[in-house]
Amino acid sequence: MDYMKRYKSWLECSYFDEETKSELKGIENDENEIKERFYKDLEFGTGGLRGIIGAGTNRINKYTVGRATQGLADYIKAENKGRNDLSVAIAYDSRNKSDKFAQRAGVVLAANGIKAYVFDELRPTPELSFAVRELGCDAGIVITASHNPPEYNGYKVYGPDGGQVPYPKDEAIISMVNKVEEYDKVKEMPLEDAKAKGLYEIIGSKIDDAYTEKLKEQSINRDIIEKMADSIKIVYTPLHGTGNKPVRRILKEIGFKNVFVVPQQELPDKNFSTVGYPNPEDPEVFKLALEIAEKEDADVIIGTDPDADRVGVVVKNNDGKYVVLTGNMTGALLTDYVLGQKKAKGILSGNGAVVKTIVTTEMIRPIAKEYGVEVFDVLTGFKYIGEKIKQFEETGSNTFEFGFEESYGCLSGTYARDKDAVVAAMLVAEMAAYYKNKGMTLYEGLTVLYEKYGFYREGIKSITLKGIEGLEKIQYIMTALRNNPPSEFNGMKVEWLRDYKEKVFKNILTGETETTNLPPSNVLHYTLLGDAWVCVRPSGTEPKIKIYFGVKGGSLEDAENKLKGIEKYVSDLIENL
């Protein structure tokens, strides 16, 4: 069915409500908009749905959410034949229609005989991961578009272990969703009926309390917090999202006394009016926090994204000016702190493991080696870190100590299986207290690590290519690089080419090959001579192609120069394809 036929079917079918039809009538003279909304179904990918809110098959709305949930329900029932005690936990963030989409998912599940545990108000994504495990659910759903602009929303699916569903189960769910071809075949039940039948239960404070206790268990050095509680100053911003209550609660309950919350960004705001793009990777979101930090002479600024799974950190540099740390910098500091403190207290396991993604800093290798801990690489996406934790528990091969990715997400502990900005905020505050007790800032702590392990720097270049033409361009770029692989980048020869889609790992210089047990993914990774690397992949959640690069220099200035050189070379290469 072409896009115009789909458009007309939505206008004419009695299944779609008048509000939806009214919105669609408003674009009747805009064929391009009709095409964008109806040329395809909003793709249910390996992590779920993410798209612009609005009417249409290529938008996120109550109908596409219902279709996704019906497919998920069909999958859960097929996987658990004979069981009548199936359940799913559902959480949602502060975005537009998040609460309505969560309710919609709940009543569809209920109509399929699956109990829905739905939070009473917005909660962080990592708490949903915890809730799935705590309640013994068969799956989890969180309605969020993470740090995307306000016009977006999304739908993420979690497995019974609390992790995002890994390969190949993710593809099985996708297959089930794609089988739901007609929207009016989606089952649903009135909310009050679902509640009366015990198939829709509101959850809240008990899960909050249990989650908070697990967070406290990840604190390593409570003595330092008690010692420095009166002197250390923390500025925190939830960026209008879900972090406000849980982050403030954990900081208070473990003993921090001077926490200043940015008032303009404290409460939920579906439009993210003070920032627009609520991403802690963007230094601009800390503008209001910086005003408070300078007034209070704060030691650290901490920011969490709308669903509180990513954390941003701002610290004073050697000149006394506040600078934003990258996710790699924060991750390196936390890895060293967690491993170092555990070793000092005699609680570091003998078979410890740190897990990182293939686009995360290589600085972790020498840090982990210092503490006798093994490093594991996984594909981009925290679900692969969660999957590794599960493997460790099942085999007993390693003990998970810490995991993080360059995109500002990390996890300490195994109570959840997704990145957790709440535990990260707690550990960053504790780490700041630890360094302040030594007369140092976090930036000075990072400098010590650079001087000991090498000056590692990383960067990322994102090229946005929207719409149908953009999707085609992204595919063309990946095909061109795959068919004609570069032999060097900015004068540095390619040593290893790793094509994760074709599972071809080859040393270009010697002909040596490697195998991998990682699932297929449309990723090209180049290891270069001279301690550098480049990685190219399409974004899984946004219309972008992403280029990552990392270098190691003899000094910070040397590393910066190498980074700028390789970034320009890669950008020119991609844009000229």
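## Strand β4 and its partners

Both faces of strand β4 are covered, since Ala 139, Ile 141 and Ile 143 on one side and Gly 140 and Val 142 on the other are all buried, where buried means under 20% relative accessible area, exposed means over 50% and partly exposed lies in between, with a 1.4 Å probe and protein chains only. The model is predicted, so that local features need pLDDT of at least 70 and side-chain atom pairs count only at pLDDT 80 or more, while totals for chains, interfaces and linings use all residues. Residues are numbered from 1 along each chain as its sequence is written, and side-chain values use heavy atoms, with hydrogens and water left out. Because 5 of the 5 residues of β4 (residues 139-143) are buried, this strand is largely enclosed by the rest of the structure; strands here are DSSP runs of E with at least two residues, and helices are runs of H or I with at least four residues, both numbered from the N terminus.

Strand β2 (residues 87-92) runs parallel to β4 and is joined to it by 5 bridges, two strands being counted as paired if DSSP finds at least two bridges between them. Within this pairing, Ile 90 has Ile 141 of β4 as its bridge partner. Strand β5 (residues 152-158) pairs with β4 in the antiparallel sense over 4 bridges, and here Gly 140 has Tyr 158 of β5 as its bridge partner.

## The five-stranded sheet and its helices

An open sheet of 5 strands follows the order β8-β7-β9-β10-β11, and its pairing is mixed. Strands β8 (259-261) and β11 (322-324) stand at the edges with a single partner strand each, so one side of each is left without a neighbour in the sheet. From one strand to the next, the twist averages 25 degrees, with axes taken as lines fitted to C-alpha atoms, for helices over the stretch in contact, and angles running from 0 to 180 degrees between N-to-C directions. Inside the sheet, β9 (residues 300-304) and β10 (residues 311-316) pair in the antiparallel sense over 5 bridges, and Gly 303 has Gly 312 of β10 as its bridge partner.

Helix α12 (residues 287-296) packs on this sheet and touches β7 (234-237), β8, β9, β10 and β11, its direction making about 165 degrees with that of β7; contact means heavy atoms within 4.5 Å. Helix α16 (residues 421-437) also packs on the sheet, touching β7, β9 and β10, and its direction makes about 175 degrees with that of β9.

## Strand β23

Strand β23 (residues 544-553) is mostly covered, with 9 of its 10 residues buried. Strand β16 (residues 455-464) pairs with β23 in the antiparallel sense over 10 bridges, and strand β22 (residues 532-538) pairs with β23, likewise antiparallel, over 6 bridges. Ile 545 of β23 stands opposite Ile 463 and is also the bridge partner of Pro 538.

## Two loop residues

Asn 58 lies in the loop between β1 (48-52) and α4 (62-79) and is buried, with a relative accessible area of 9%. Leaving aside neighbours within four places in sequence, Asn 58 is in contact with Glu 36, Arg 37, Phe 38, Tyr 39, Lys 40, Asp 41 and Leu 42.

Ile 508 lies in the loop between β19 (504-507) and β20 (513-514) and, at 41% relative accessibility, counts as partly exposed.
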